[in-house]
Amino acid sequence: MQLRGASQCKDVHQFCLYFQCKLDQMHGGDYDAFEEIIRKFFENLTACDIRPFVVLDGGADHTDKKFDTLMERSQGKIKQAYALSVGSRGTVLPILIKDVFRQVLHKLKVPLVECLQEADWEIAALAKQWNCPILSNDSDFYIFNLKAGILPITYFQWENVRGDRQTNKKFIPTKHFSVENLCASFKHMNKDLLPLVAAILGNDYMKLQNIRYLRWEQHSVHGGEFARIDGLLHWLSKFAGPEEAIADFLKLITDEEKDIVVKALFEAIKEYKLFSSSLAQFFISKTVPQTSSPLQALPKWTLRPLLEGRMSSYIIDVLVLQRNTLRSQVEDFELPSSNETSRPIRQVLYGVLLLGEQQTEDKLMAAAKESTGTSKCYVDEYDREQLTLTFSKVEAIQTRVKPGIRLETLREEPHNVRLQVLLDTLGVPTVVLKAIPLDLQLQVFVTHYWMVNAQPQPSQVHLWSLLLGMVYGKLCSMPNKQKDTLLSLKKLQIHQGKNRLDHEVAHLYSQWQSCLLWSLHLNRLLCLPLQEPECAWLYRGTLVHQAVRELSRGVTPETLLVSGSYAEQLFRQLKDAVLSLVDKDGILRISNRDGHRTAVKIPNGYRHHNQPIDELSSLFEHFMDEDIEDYDDDDLNGKGRSKAKTEMLECSYTVRTRYKAKSRNDTHPSKKYERRCFE
């Protein structure tokens with residue numbers, strides 16, 4: 001299929017672009033390279049006269065129908081991150097990717113909406129309403145009855161823009177899936193039967209364990225690796241509609257299961273039924289759609305920035321569910337999670353969200369009950385302990401600047417009050433503001449917070465390397481780039497597979513990224529008292545990690561920068577700004593640290609295997625229209641299947657904690673509430 005000149009409703013999965021282009025995952029990400037890919041992607045769409053609309057997931061589904069699935073995925077991501085940390089294969093998205101993606105789209109003026117809840121249904125409804133295809137790799141979209149169909153990202157050759165000799169117009173080769181083709185291949189099956197396929201096989205919302213293992217293979221015509229799905233589709237195709245199919249299906253299961261199964265199957269039919277999207281009007285006129293309970297907990301002033309992707313959707317989960325699922329990074333898994341360092345920042349954020357005067361009586365009663373008789377308020381945080389997903393109750397803390405600050409009227413608070421809340425959280429005195437340029441302030445303050453709170457203690461080498469990465473990013477963002485300095489710094493970048501991961505370095509920079517992420521979220525919630533930095537230019541993992549290696553050998557930062565250049569001046573400015581916030585004892589500590597680095601630790605007994613491919617997506621590839629055979633693109637054949645497979649790591653792991661989790665037990669009584677989610 002040739003794609004050109006159409007208005008597109010897109011669920012552009014930023015992680016698909018990141019993974020397809022084989023960008024760094026092991027060292028915390030190369031965000032500037034990702035920004036260039038995003039720019040090129042949308043430039044190519046524009047060249048083909050394609051007008052994209054981007055819709056992103058927001059908060060979790062407040063009904064919690066996908067809770068078990070989300071927990072399983074979080075556990076899987078922990079294992080994937082560990083796999084990368086020991087040199088095995090895995091896929092982990094760097095934690096600032098979503099922030100980079102949104103910032104770049106805003107700069108490019110690409111229409112963007114971030115849903116208040118999960119986006120799948122809204123995307124499908126919008127695509128039906130506007131009669132345009134969806135660009136996505138999510139197999140749920142194969143079930144919706146969409147006339148314009150699906151364009152799987154795996155087969156969307158966005159880098160391969162071509163020209164049509166007859167029309168002189170540009171186009172992008174791709175594959176196209178349509179429900180029409182699918183149903184025609186199964187005796188013109190009724191489209192209304194497709195939701196039963198998702199429910200019986202098990203989707204993110206429903207996992208009917210006892211019926212998933214019925215032997216549908218016996219009904220298969222073609223056999224092979226997709227015999228199970230092929231058999232189910234052939235079995236369903238003999239029924240006129242869902243009611244008849246459900247009635248016959250109930251004969252295959254026990255009486256004890258029938259009530260649960262009937263309810264689940266009819267729920268599935270409702271789940272995939274489409275009507276007008278609430279997002280269409282927002283795209284057209286910025287009209288904020290009506291929110292339903294319990295989303296009414298969101299103050300009205302937050303709705304537009306949330307929908308525009310200018311405020312972090314984490315606040316929805318905290319406000320509505322009093323829950324926060326933290327992201328896993330590639331780090332030292334013998335140490336406590338890197339998210340521990342940023343916990344005090346999150347506690348202030350939770351306090352602003354939950355402890356103001358707008359707190360309802362019901363919430364206070366619930367909080368009192370959950371916290372063993374006190375009126376304190378807690379958020380369930382899901383994070384790793386070693387290699388296991390656990391949750392702990394983390395106390396929301398009142399800001400000392402203005403106790404009782406209200407979320408309802410937060411944006412009306414004076415700028416100096418909102419600024420002081422952020423500075424107080426990061427441990428920064430107000431007097432230093434004038435000495436630091438506006439566009440450097442937030443990253444400098446976060447770096448200071450990291451220097452004080454990270455465990456193990458960062459050394460001078462770690463700090464200088466981080467600042468060199470910021471200098472490189474700043475130079476890359478400037479129109480008149482200093483090529484000599486850029487070339488010198490770029491030579492530092494690690495080539496894939498060249499060096500083993502230094503676990504201590506990875507852990508320290510994972511802590512810094514976590515601190516930056518939650519400081520960005522708090523800054524946005526406080527209506528930007530500090531200028532928001534461009535995330536893409538703050539950290540390039542492959543460069544920073546290699547800089548640590550070079551500086552540890554005795555190379556000085558100045559030798560990597562052209563003497564008297566803007567780059568050298570910027571490095572000194574950043575260095576002086578950070579050190580001005582650190583007391584004498586702190587400077588001595590980082591100067592005296594020898595930058596000891598741990599060896600790569602690969603515990604005995606781990607093994608890895610291929611993760612099963614998504615059956616539904618793989619089978620439905622057979623029902624995509626293709627118009628690319630004439631172009632001899634060798635890379636298309638089997639490309640999707642090989643990319644879809646990832647390796648999961650199952651491992652036995654002996655824990656030897658070398659550094660104590662900073663203040664977790666001493667200052668957080670909520671430790672006793674911690675529980676394991678998976679044994």
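## A strand wrapped up on both sides

All eight of the eight residues in strand β12 (residues 388-395) are buried, so the strand is largely enclosed by the rest of the structure. Keep in mind that this is a predicted model. Buried here means under 20% relative accessible area.

In a regular strand, side chains take turns between the two faces of the sheet. For β12, that puts Thr388, Thr390, Ser392 and Val394 on one side, with Leu389, Phe391, Lys393 and Glu395 on the other, and both faces are covered. Lys393 and Glu395 are buried along with the rest.

## Its hairpin partner

So who sits alongside? Strand β11 (residues 378-385) is joined to β12 by eight bridges, and the two run antiparallel. Tyrosine 382 is the residue standing opposite phenylalanine 391 in β12.

The two strands form a hairpin with two residues between them. Glutamine 386 takes a positive phi there, near 60 degrees.

## Helix α9 and its buried face

Over in helix α9 (residues 242-249), Pro242, Ala245, Ile246 and Phe249 are buried. Looking down the axis of α9, these buried residues fall within an arc of 100 degrees, so they line one face of the helix. The spacing fits a simple rule: an α-helix has 3.6 residues a turn, so residues three or four places apart point the same way.

What does that face pack against? The buried residues of α9 pack against three helices: α7 (194-201), α8 (227-236) and α10 (255-271).

## The second largest pocket

If you're after empty space, the second largest pocket holds about 740 Å³ of it. Its lining counts 28 residues, and the closest to the pocket centre are Asp61, Gln117, Glu118, Trp121 and Glu122.

Helices α5 (120-130) and α10 are the elements that give two or more residues to this lining. The biggest contribution is from α5, with three residues. Helix α10 also turns up among the packing partners of α9's buried residues.

What is the mix of nonpolar, polar and charged residues in the lining? By class, the second largest pocket is lined by 11 nonpolar, eight polar and nine charged residues.

## The whole chain

Stepping back, the protein has 679 residues, and buried ones make up 58% of them. Its secondary structure comes to 26 helices and 16 strands.

As for how contacts are spread along the sequence, take those between residues at least 6 apart: 76% of them join residues at least 24 apart.

Note on methods. Residues are numbered from 1 along each chain as its sequence is written. This is a predicted model: local features need pLDDT of at least 70, side-chain atom pairs count only at pLDDT 80 or more; totals for chains, interfaces and linings use all residues. Side-chain values use heavy atoms; hydrogens and water are left out. Buried means under 20% relative accessible area, exposed over 50%, partly exposed in between (1.4 Å probe, protein chains only). Helices (H or I, at least four residues) and strands (E, at least two) are DSSP runs, numbered from the N terminus. The arc is that of the directions from the helix axis to the C-beta atoms. Contact means heavy atoms within 4.5 Å. On a 1 Å grid over the protein atoms alone, a cavity is a set of points where a 1.4 Å probe fits but cannot get out, and a pocket is an open set with protein on both sides within 12 Å along at least five of seven lines; lining residues have an atom within 4 Å of a point. Grid points are joined across faces, edges and corners, and a volume is the space filled by probe spheres set on the points. Ala, Val, Leu, Ile, Met, Phe, Trp, Tyr, Cys and Pro count as nonpolar, Asp, Glu, Lys and Arg as charged, and the others, Gly among them, as polar. Two strands pair if DSSP finds at least two bridges between them.
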